[in-house]
Amino acid sequence: MARVVVVYFSSMGHTEAVAESVLRGLRRVDGVEAEAIRVQDIDEAAWSRLDDADAIVFGSPTYMGSVAAEFKAFMDKSGTRWYERAWMDKLAAGFTVGGGLSGDKQSTLIVMQTYASQHGMIWVSMGIGVREPELDRLSSSIGLMCQAGNAPADETPPREDHATAEAFGGRVGAAAVRWLRGSGSDS
Ligand SMILES: Cc1cc2nc3c(=O)[nH]c(=O)nc-3n(C[C@H](O)[C@H](O)[C@H](O)COP(=O)(O)O)c2cc1C
C-alpha cells in the first residue's frame, strides 16, 4: 500500500474541510492508505508516520500571502528530518485556502514547493484543468487553491472547490501508487 499523509493547519475550519476532501480523493485510489494530521497534534508517533509515508500533502490557509505561522512552525520543526535527508524522494504536494479570489495564494504554494524541494522531495503539480473546466475555477498549476468567502466552513469554499480537492487527492494518490510500484517496494 502507498501511504499518504495530509498534514495541515486550520484555524476556522475551511482548510480542514478541504483536507477532508483531499483525503476522500486519496482514499478512492486503489492501493492507497491515507490519513490526515493537524500540525497541532504532531507528536513523536505522528512524526514517525510522516517518516514512513510515501507522499506527504501539505495544507495551510494563506495568511498575509504565505503559510500560517503554525504551519511554518511545523516546517521549521522538520529541520532534523532535513538534516538526516529523511524525506528525500518522497512525493509532496500542497494546497491552500484564502479568503480572496487571488489573495496571493500562489505565494503560499511556492513556499510549500520550496520547502518540499529543501527536503529533496518530488513535487506533484495540480495537473488538473484545461480539459476539466469545472475543476479549474481558480486556475492553479503548482497545487490546489480554494477560496473561502466570509462564511462558515460548511458554506465555503464552494462545492466546485471541494470537487477539485477530491480530484487533486486522486491525482496525488495515483502518483503515490505509481511511485511506490516503480521503487520495487510494493512488488
Ligand atoms: C491573519 C490572517 C491573514 C490572512 N491573509 C490572507 C491572505 O493573504 N490572502 C487571502 O486570500 N486570505 C487571507 N486570510 C483569510 C484566510 O485565508 C481565510 O479566512 C481562510 O479560509 C482561513 O482558513 P481556515 O478556516 O482553515 O483557518 C487571512 C486571514 C487571517 C486571519
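# A tour of the model, stop by stop

Begin by selecting Asp41, which is partly exposed, with a relative accessible area of 41%. The model on screen is predicted.

**Stop 1: Asp41 and its partner**

Add Arg38 to the selection and show both side chains: Asp41 and Arg38 meet in a salt bridge, 2.9 Å from N to O. Arg38 is partly exposed as well, at 32% relative accessibility. Elsewhere, salt bridges with shared partners join Arg24, Arg28 and Glu166 into one network. Side chains of opposite charge can pair when their charged atoms come close. The count of salt bridges in the model comes to seven.

**Stop 2: Arg28 and Glu166**

Now select two members of that network, Arg28 and Glu166. Their side chains form a salt bridge, with 2.6 Å from N to O. Which parts of the chain does this pair link? Arg28 sits in the loop between H1 and strand E2 (32-38), while Glu166 belongs to helix H6 (residues 159-183); the two are 138 residues apart, and the pair links distant parts of the chain. Are the two ends buried or exposed? Arg28 is exposed, with a relative accessible area of 59%. Glu166, in contrast, has 18% relative accessibility and counts as buried because the cut-off for buried is under 20%.

**Stop 3: Ser21**

Keep Glu166 on display and select Ser21, which is in contact with it. Ser21 is part of helix H1 (residues 14-27). How much of Ser21 is accessible? Its relative accessible area is 0%, so Ser21 is buried. Leaving aside neighbours within four places in sequence, the contacts of Ser21 are His162, Ala165 and Glu166. With His162 there is a polar contact between the two side chains, at 2.7 Å.

**Stop 4: Arg49 and helix H2**

Move to Arg49, which lies in helix H2. Its side chain meets that of Glu35 in a salt bridge, again shown by an N to O distance, here 2.6 Å. Glu35 is in strand E2 and Arg49 in helix H2, so this salt bridge ties together parts that are 14 residues apart in sequence. Both ends are partly exposed: Glu35 has a relative accessible area of 24%, and Arg49 has one of 36%.

Which residues does Arg49 touch? Not counting residues up to four places away in sequence, Arg49 touches Val5, Glu35 and Ile37. To check a distance across the fold, pick the C-alpha atoms of Arg49 and Val4: they are separated by 9.2 Å, with their positions 45 residues apart along the chain.

Next, colour Ala46, Trp47 and Leu50, the buried residues of H2. Look down the helix axis: these residues fall within an arc of 105°, so they line one face of H2. The elements that cover them include E1, E2, E3, H3 and H4.

**Stop 5: Helix H3**

Go on to helix H3 (residues 69-77) and select Phe71, Phe74 and Met75, which are buried. Why do they line one face of the helix? Seen down the axis of H3, the buried residues lie within an arc of 100°, so they share one face. Turn the helix to its other side to find Ala69, Asp76 and Lys77, which are exposed. The buried residues of H3 pack against several elements, among them strand E1 (2-8), helix H2 (44-52) and helix H5 (105-118).

**Stop 6: A nonpolar patch on the surface**

Switch to a surface view and select Met12, Tyr63 and Met64, which make a nonpolar patch of about 420 Å². Met64 is in the loop between E3 and E4. At 86% relative accessibility, Met64 counts as exposed because the cut-off for exposed is over 50%.

**Stop 7: Backbone details**

Most residues other than glycine have a negative phi, and most peptide bonds are trans. The last selections depart from this. Thr156 and Pro157 are joined by a cis peptide bond, with omega about 5°. Pro157 is in the loop between strand E7 (144-147) and H6.

Asp104 is not a glycine, yet has a positive phi of about 60°. Asp104 lies in the loop between strand E5 (91-98) and H5, and is partly exposed, with a relative accessible area of 49%.

End at Ser139, where phi is positive too, near 50°. The loop that holds Ser139 runs between strand E6 (122-123) and E7. Ser139 is exposed, at a relative accessible area of 55%.

Definitions and conventions
Residues are numbered from 1 along each chain as its sequence is written. This is a predicted model: local features need pLDDT of at least 70, side-chain atom pairs count only at pLDDT 80 or more; totals for chains, interfaces and linings use all residues. Side-chain values use heavy atoms; hydrogens and water are left out. Helices (H or I, at least four residues) and strands (E, at least two) are DSSP runs, numbered from the N terminus. Buried means under 20% relative accessible area, exposed over 50%, partly exposed in between (1.4 Å probe, protein chains only). A polar contact is a pair of N or O atoms within 3.5 Å; within protein, one must be able to donate a hydrogen and the other to accept it, and residues adjacent in sequence count only if both atoms are side-chain atoms. Contact means heavy atoms within 4.5 Å. The arc is that of the directions from the helix axis to the C-beta atoms. A salt bridge is a side-chain nitrogen of Lys or Arg within 4 Å of a carboxyl oxygen of Asp or Glu. Patches are made of residues with over 30% relative accessible area and no salt bridge: like charges are joined within 9 Å, nonpolar side chains (Val, Leu, Ile, Met, Phe, Trp, Tyr) within 5 Å. Accessible areas come from the Shrake-Rupley method with a 1.4 Å probe; for residues, only the protein chains shown count as cover.
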